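I opened the model to go through its sheets, helices and ring contacts. These are my notes, in the order I looked things up.

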Amino acid sequence: MASTRDFLFEIGVEEMPSAPLNNAVKQLKVLVAKGLDEAGLSHGDVRIVSSPRRLAALVSDVAEATEEIHSVLRGPSAKIAFDVDGNPTKAAEGFARKNGLTAAELIRREDTDGTEYVFAEQNIPSEPAAPMLARMAEAVIAQIEWPNYRSQRWGAEHATFVRPVRWICCLFGDDVVEVRYADVVSGRTTRGHRVLSPGEHEVACPAVYEQVLESAHVLSAERREGVIREGIAQVEAELGVHVDTPAKVFDEVVNLCEWPTVLVGHFDEEFLAVPSEIICESMLSNQRYFPTYDAQGNLTRAFVVVSNADPAVSETVIDGNERVVRARLYDAKFFYDEDLKIDLEEFRSRLAKVGFQKKLGTMLQKSERMEDLALAIAREARIGADAASDAQRAAHLAKADLVSSAVVEFTSQQGVMGGYYAAAAGEAPEVAAAIRDHYRPRFAGDALPEGTAGCIVAVADKLDTIAGMFAIGEPPTGSKDPFALRRSAIGVLNILRDRLGCGYEALVDAALDAYAEQGLEFDKAEVAASVCAFIKGRMEQMARDEKIAPDTVAAVSAGSVTTPAHYFELAHALEHARSNDRAAFENLATAYARAAHLADASVGCEVDEALLGDAERVLLEAIDAAEASVTSTLSAQDFPGVISALAALREPIDAFFDEVMVMDEDERLRANRLALLNRFAAVFSGIADLGAMARK
């Protein structure tokens, strides 16, 4: 067995931002493994160790040398490989090229069957690992990509990295591997925590690397996360609070320290009178402090800080952070207090100077369209007068907070602050809640608006944007979707499906009417068709994401059931019917596909009963019964009942095809039988194309 050693490759840099560090960690593991594989060096697991100042790969059991390779590959016979004059043919040249040789290097000899062939023989000697590791390491540093971040140069160097490279530690077992990048040459030293263990620390071999780091007050990302979580759990137990640790901010905090210490600070009581959302955003977004909540879910004065300083100066760190947060929260309180002095109608009037989209007008115009659309949605969803009135009022004021000082400073709190201002102004609680919630759902998995009025305003807002962008010919294309229309369409569908229960076609018409009244010129019929197709496409994707089979989605989409709640109910009913009795269902689907294929619209659906045989008469009676049953169950939105009514046609249609020659030579019989099949297919019309679910 070949001898192996562990390999360490550490890139030491000035402090890296969190997002590119996480991205580089993923890349480094792939690049190192790929580099070793391409070099022909066998190896064990690749482990990545990272901190704000380092990216390191630890690889176990790397071979000390590549294996010597001797290969013999047989090619075409000599008769095929060379012409009568002994010149190589294209066959010989192609075989040689494929194996990295020239035709002249091919060997001719007899094989065991007595036939002369050409052979490609290669002897690749073993190579020591160290030079290959050096080349691989230098290549990896240059290959790491930094999307959305500009790489830096330093000194007089032309090489770049996300931050200047200050040291490289590269060891193969006990030996240093010489790696050069820009003005840095590798050695066997790493560097410790800037304050607690400054300077260089020698690494004897890869096996002790993490021990050296820990002794130098540097923990791996996994260890840092564990220490922080343990510290937060201790705070929660001691104070009886819950610490809010959003994943994105928590990951960033892990990458802002090398030796974390969890500390608790407090802000002044007066700030609890300010909306908790802007308090928390200020702490999380600006300072990366974690807010705390009591058992009732109320914000408390305590906040958690993760320090990278010497634990001996924790009191000083806490005091400094409390001073910082006090200044930030004074700003937030000032913005809020000043906003409360201004009437919401005044804020709304200022929207006339805020653009929505160059071709679609101002935010005030959007607000006016949302009002009209909210009433149209309430009518379509058959919402009572009180909720409809609340929705119209909320739509009227929904965008007013966009020009408030608090939202200008804390943009993610749009809507939320409007809800607070509406409540303070004496608006109905339902109106304030609708304003607060109308941006929901903001992302996959986000909650829907709580109240009916909020659902109506949310749909009005999202649908207005979708309709407007399509009306000016700017739908999403490929990965380009600057107005997040796909996400908006999914939000509309979820609200219609789970809360309002109506369809979207009439709402699209109403949204486009509002733009037409504003003076925007477009082909309404064409745009409406495009918008509806776009929304339906999102609904189909949602169905597939729910593990509804693609052929079921295709079958339902071919029908006329487009109201989101009914669309999904029908799809699930079809799935259930197929899983309950797969053979019977597929027989019906196959029979429908056959009937639809034979159906001839030119002969109509009028059947001459005098020309019917027994099997035809039985089928006609079954069709009449199914039509009545489908009509009643469909009106009751009983989709399992609809499927049962269709399933009752399976035996009569099977018997029909077994006993009847549809394409009879007698034209009258043929036309009558085709009309009967038209009647059969018409029962399914508008429900689903079962042919899409037939066995292929």
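**Entry 1: the five-stranded sheet.** I began with one residue pair: Phe9 stands opposite Ala57 in strand E3. I keep in mind that this is a predicted model. The Phe9 pair belongs to the ladder between E1 and E3 (residues 54-63), which run antiparallel and are joined by eight bridges.

I then traced the whole sheet. It is open, has five strands and reads E2-E3-E1-E7-E8, with antiparallel pairing. E2 (46-51) and E8 are the edge strands, and each pairs on one side only.

Next I asked what packs on this sheet. Helix H1 (residues 18-39) does, touching E2 and E3. The direction of H1 makes about 25 degrees with that of E3. Helix H4 (residues 129-143) lies across E1, E3 and E7. I read its angle to E1 as about 30 degrees.

**Entry 2: strand E7.** I wanted to know how covered E7 is. Of the eight residues in E7 (165-172), seven are buried. On the E1 side, E1 (residues 4-13) and E7 pair antiparallel over seven bridges. I picked out one of the pairs: Ile11 has Ile168 in E7 as its bridge partner.

On the E8 side the ladder has two bridges, again antiparallel, to E8 (residues 175-176). Here Leu171 faces Val176 in E8. I checked the hairpin of E7 and E8 as well. Two residues lie between its strands, and Gly173 takes a positive phi near 65 degrees.

**Entry 3: the four-stranded sheet.** I moved on to another open sheet, with four strands in the order E13-E15-E16-E14 and antiparallel pairing. Which strands stand at its edges? They are E13 (242-243) and E14 (261-266). Each has a single partner strand, so one side of each is left without a neighbour in the sheet.

I looked at the E13 end in detail. E13 and E15 (residues 290-293) pair antiparallel over two bridges. Val243 has Thr292 in E15 as its bridge partner. Helix H6 (residues 221-239) packs on this sheet and touches E13, E14, E15 and E16 (299-307). Its direction makes about 40 degrees with that of E14.

**Entry 4: rings.** I looked up the aromatic pairs and found 14 in the structure. I took Phe267 and Phe271 as my example. Their ring centres are 6.4 Å apart and their planes stand at 65 degrees, so I noted the pair as edge-to-face. The cut-off I used for that label is over 60 degrees.

Are these two rings buried or exposed? Phe267 is buried, at 1% relative accessible area. Phe271 is buried too, at 0%. Together with Tyr330, Phe267 and Phe271 form one aromatic cluster.

I also looked for charges over rings. Arg109 lies over the face of Phe119, 4.3 Å from the ring centre. Arg229 lies over the face of Phe250, at 4.0 Å from the ring centre.

**Entry 5: helix packing.** I turned to H15 (residues 429-437). Its buried residues are Val431, Ala432, Ala434, Ile435 and Asp437. I listed what they pack against: H12 (385-397), H14 (416-424) and H16 (452-471).

Then I took H23 (residues 614-635) and H24 (residues 639-647). Their axes are 8 Å apart, and the packing angle is about 175 degrees. H23 and H24 are therefore roughly antiparallel to each other. I read off the residues that meet. H23 brings Ala626, Ser629, Val630, Thr633 and Leu634, and H24 brings Phe639, Gly641, Val642, Ala645 and Leu646.

**Entry 6: Glu68.** I closed with a loop residue. Glu68 lies in the loop between E3 and E4 (69-77). What is its relative accessibility? I noted 62%, so Glu68 counts as exposed.

I listed its contacts, leaving aside neighbours within four places in sequence. Glu68 is in contact with Ile124, Pro125 and Ser126. Last, I took a distance from Glu68 to Tyr504. The two are 436 residues apart along the chain, and their C-alpha atoms are separated by 69 Å.

Key
Residues are numbered from 1 along each chain as its sequence is written. This is a predicted model: local features need pLDDT of at least 70, side-chain atom pairs count only at pLDDT 80 or more; totals for chains, interfaces and linings use all residues. Side-chain values use heavy atoms; hydrogens and water are left out. Buried means under 20% relative accessible area, exposed over 50%, partly exposed in between (1.4 Å probe, protein chains only). Contact means heavy atoms within 4.5 Å. Two strands pair if DSSP finds at least two bridges between them. Axes are lines fitted to C-alpha atoms, for helices over the stretch in contact, and angles run from 0 to 180 degrees between N-to-C directions. Rings of Phe, Tyr and Trp (its six-membered ring) pair if their centres lie within 6.5 Å; planes under 30 degrees apart count as stacked, over 60 as edge-to-face and the rest as tilted. A charge sits over a ring if NZ of Lys or CZ of Arg is within 6 Å of the ring centre and within 35 degrees of the ring normal. Angles under 35 degrees count as roughly parallel, over 145 as roughly antiparallel, 65 to 115 as roughly perpendicular and the rest as oblique.
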